[in-house]
There are 2 protein chains.
Amino acid sequence: MIGTSGVRAGDNNRDLYALVEEFFRTTFATDNALITEAVRRMLAAGGKRLRPRLTLLAAEANGADPEAQLPLAAYMELIHVGTLIHDDVVDRADTRRGVNSTAVDYGNRVSVLAGDYLFAWIFKNVTASYPAPIPHILSSTLADITDGEVLQLRALGNLELPLAGYIEVVLKKTASLFAASAECGAIMAGASTLRVKALRDFGLYFGVAFQMLDDLLDMTASEAELGKPIGNDLRERKMTIPLILALEDATPEFRTRLERHFGDPDGPGAGEAIRALVADVGEAGGLRKTREAIAGYVERAKMSLAPLGSVPARAELAALADGLSRDSIARTR
Amino acid sequence: MIGTSGVRAGDNNRDLYALVEEFFRTTFATDNALITEAVRRMLAAGGKRLRPRLTLLAAEANGADPEAQLPLAAYMELIHVGTLIHDDVVDRADTRRGVNSTAVDYGNRVSVLAGDYLFAWIFKNVTASYPAPIPHILSSTLADITDGEVLQLRALGNLELPLAGYIEVVLKKTASLFAASAECGAIMAGASTLRVKALRDFGLYFGVAFQMLDDLLDMTASEAELGKPIGNDLRERKMTIPLILALEDATPEFRTRLERHFGDPDGPGAGEAIRALVADVGEAGGLRKTREAIAGYVERAKMSLAPLGSVPARAELAALADGLSRDSIARTR
């Protein structure tokens with residue numbers, strides 16, 4: 001989670017953010033103290049709580065009291081936290097992921113169990129307290145997230161990954177949870193099928209733009225903002241959107257440098273190679289084209305909201321989406 | 001999973017085993033090919049399919065067609081498979097867990113994702129196709145399993161772990177899934193509350209006896225049967241039932257040897273120390289007392305079945321429980 005300044009909260013959004021934080025601070029606890037602590041640490045590391053805010057705004061946009069959906073909104077963030085805990089499981093002991101790694105503090109075994117427990121605890125609560133199709137949406141979403149992460153792992157270092165392949169991964173690993181967050185808020189507010197779909201679509205497009213911004217930040221933010229070195233995705237041989245778009249107009253030298261780096265991503269010259277590749281991506285238009293792609297998905301997200309009419313929550317949702325676009329512009333100036 | 005000869009299948013049980021195997025071979029597939037393959041490999045490594053057999057027998061004992069519950073029975077085994085895949089995640093690369101380790105073949109990251117996907121896929125299907133409270137029972141059970149595994153991790157090397165602490169861990173990490181397997185079979189057959197509880201209790205006691213036998217085998221079976229070295233639990237500093245019961249009558253020398261080994265469980269003399277400790281456990285009556293404890297839980301399991309009357313499936317369930325007891329006798333002669 002990157003603490004960007006771009007997704008700025010309006011007054012109401014700031015209230016929703018505070019509501020979510022308050023809920024976590026006062027109400028969240030599982031029956032397992034070790035796991036509660038691991039989750040609290042992960043939550044304390046920051047985050048804009050965008051997923052729960054989508055749930056609350058989707059409920060509000062359909063005439064419901066957002067506060068009544070705080071627990072459901074919190075489960076959305078906790079699914080995200082569970083995936084972060086599992087993301088920290090490493091194949092060899094290292095500390096490259098910074099201070100917030102459960103795996104580094106507790107070991108891989110505990111990270112796996114903590115994430116498993118958290119997922120199971122969420123489903124246990126959701127199946128006890130929410131009607132169909134909420135439990136099904138949440139479990140389908142977790143299946144999508146992990147499926148997307150497996151697809152992403154298989155695409156590591158694949159220079160031929162087409163844009164459509166990237167979008168498939170992102171729809172599953174990132175956008176599905178934003179879509180479910182908005183969809184479930186609308187469902188719990190008793191919204192019509194059309195309005196539920198509108199909010200699901202908003203979440204989906206918002207999620208794609210969010211991931212694209214995340215990819216962009218990996219090449220343009222400072223190490224202090226990221227909590228990890230710039231170009232970390234390149235070190236992990238991830239095919240991110242700036243890289244894929246830059247490859248459309250890559251010079252032979254750029255392509256050769258990339259192939260050489262992917263052949264030895266942890267070698268002695270890796271730091272130097274990554275800095276050169278980040279410059280290559282910029283020169284080939286990868287950052288600019290990513291900014292344009294983000295703007296396109298932000299537009300689609302906002303257009304999806306048409307069925308909501310002119311309720312205030314619609315403007316809040318649109319403002320969250322515009323924040324992604326604004327941030328991408330600030331980063332590529 | 002240990003291929004014991006003790007849990008022998010009667011004719012009908014053999015049919016149920018074959019039904020489950022056939023179902024996995026012909027019908028099981030997830031939407032992710034890599035994960036389907038990982039699960040199939042884990043299934044091919046063996047196993048008696050006791051959990052699905054409890055589901056099918058519980059349905060049959062209440063007048064339902066067991067075949068109709070094959071998918072639900074399969075989910076019970078697949079929850080177990082998911083926990084095995086996650087058990088294989090290691091803190092450092094090693095191959096001590098033998099040939100069936102997903103982590104060794106694919107790496108920790110893939111093991112974590114494969115298990116996550118499998119759990120989510122199960123819940124996705126169960127929430128789509130089964131009525132309350134089945135989805136809630138399954139997710140609560142997975143929460144119990146992981147909670148129990150965390151408790152077990154925290155108790156590693158704790159010589160003062162009381163018998164009640166061991167039982168708490170086993171009820172959660174092992175018995176809960178056997179209990180859920182039998183309970184859900186009964187629920188789907190439309191059984192009365194009393195009969196559902198009878199089958200849940202059977203599964204719970206059966207599960208405790210099953211885990212105690214597993215602990216016993218770790219000290220008495222051959223390396224070929226176990227697929228790992230004898231005394232592997234001691235190497236992992238697990239507080240198993242033979243060890244806990246042996247400590248009740250431990251000589252000072254035995255206790256000192258144990259403390260020394262737990263202080264350096266992977267040291268150069270560990271193999272020798274483990275062999276000596278296994279002998280110590282036997283001399284202090286740990287194996288005999290474990291056998292007696294298993295017999296006690298088997299009796300309780302069988303007594304739980306009283307509300308079923310004299311249906312054939314009751315005799316089959318009792319035979320499965322007796323198999324655990326018989327096996328423990330064969331191993332401690």
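This briefing walks through a predicted model with chains A and B, from the overall fold to a few local backbone details. Because the model is predicted, local features need pLDDT of at least 70 and side-chain atom pairs count only at pLDDT 80 or more, while totals for chains, interfaces and linings use all residues. Residues are numbered from 1 along each chain as its sequence is written, and chains are lettered from A, with ligands numbered from 1, in the order in which they are written. In short, chain A has 16 helices and zero strands, and a rotation of 180 degrees puts chain B onto chain A.

**Chain A overall**

- Chain A is built with 16 helices and zero strands (DSSP runs: H or I of at least four residues for helices, E of at least two for strands, numbered from the N terminus).
- A compact globule of 333 residues would have a radius of gyration near 20 Å, and chain A agrees, with 20 Å. That radius is taken over C-alpha atoms, and the globule rule is 2.2 Å times the number of residues to the power 0.38.
- Along the principal axes, the C-alpha atoms of chain A fill a box of roughly 55 × 45 × 30 Å.
- Of the 333 residues in chain A, 56% are buried (20 or more other C-beta atoms within 10 Å of a residue's own; exposed means 12 or fewer, partly exposed in between, with C-beta atoms placed from the backbone).
- Take the contacts in chain A between residues at least 6 apart in sequence (C-beta atoms, placed from the backbone, within 7 Å): 76% of them join residues at least 24 apart.

**How the chains meet**

- The contact takes 36 residues from chain B and 36 residues from chain A.
- On the side of chain B that touches chain A, helices H2 (33-44), H6 (108-129) and H7 (134-154) of chain B each supply at least two residues. H6(B) gives the most, with 14 residues.
- That side of chain B divides into 19 nonpolar, nine polar and eight charged residues. Here Ala, Val, Leu, Ile, Met, Phe, Trp, Tyr, Cys and Pro count as nonpolar, Asp, Glu, Lys and Arg as charged, and the others, Gly among them, as polar.
- Chain B superposes on chain A through a rotation of 180 degrees with 0.0 Å of shift along its axis, at an RMSD of 0.0 Å (least squares on the C-alpha atoms of residues with pLDDT of at least 70 in both). The two copies are thus related as by a two-fold rotation axis.
- The copies meet through the same surface, since 100% of the interface residues of chain B are also interface residues in chain A.

**The nonpolar core**

- The largest nonpolar core (buried Ala, Val, Leu, Ile, Met, Phe, Trp, Tyr and Cys residues joined through C-beta atoms within 7 Å) has 217 residues.
- A:Leu118, A:Ala209, B:Leu118 and B:Ala209 have the most contacts inside that core.
- Not counting residues up to four places away in sequence, B:Ala209 touches B:Ile294, B:Tyr297, B:Val298, B:Ala301, B:Ala321 and B:Leu324.

**Backbone spots to look at**

- The peptide bond from A:Ala132 to A:Pro133 is cis, with omega near 5 degrees, and A:Pro133 sits in the loop between H6 and H7 of chain A.
- In chain B, the bond from B:Ala132 to B:Pro133 is cis too, with omega near 0 degrees.
- B:Arg49 isn't a glycine but has a positive phi, near 55 degrees; B:Arg49 is buried, with 27 other C-beta atoms within 10 Å.
- B:Arg237, also not a glycine, has a positive phi of about 65 degrees, and counts as partly exposed with 17 C-beta neighbours inside 10 Å.

Terms used:
Contact = placed C-beta atoms within 7 Å.
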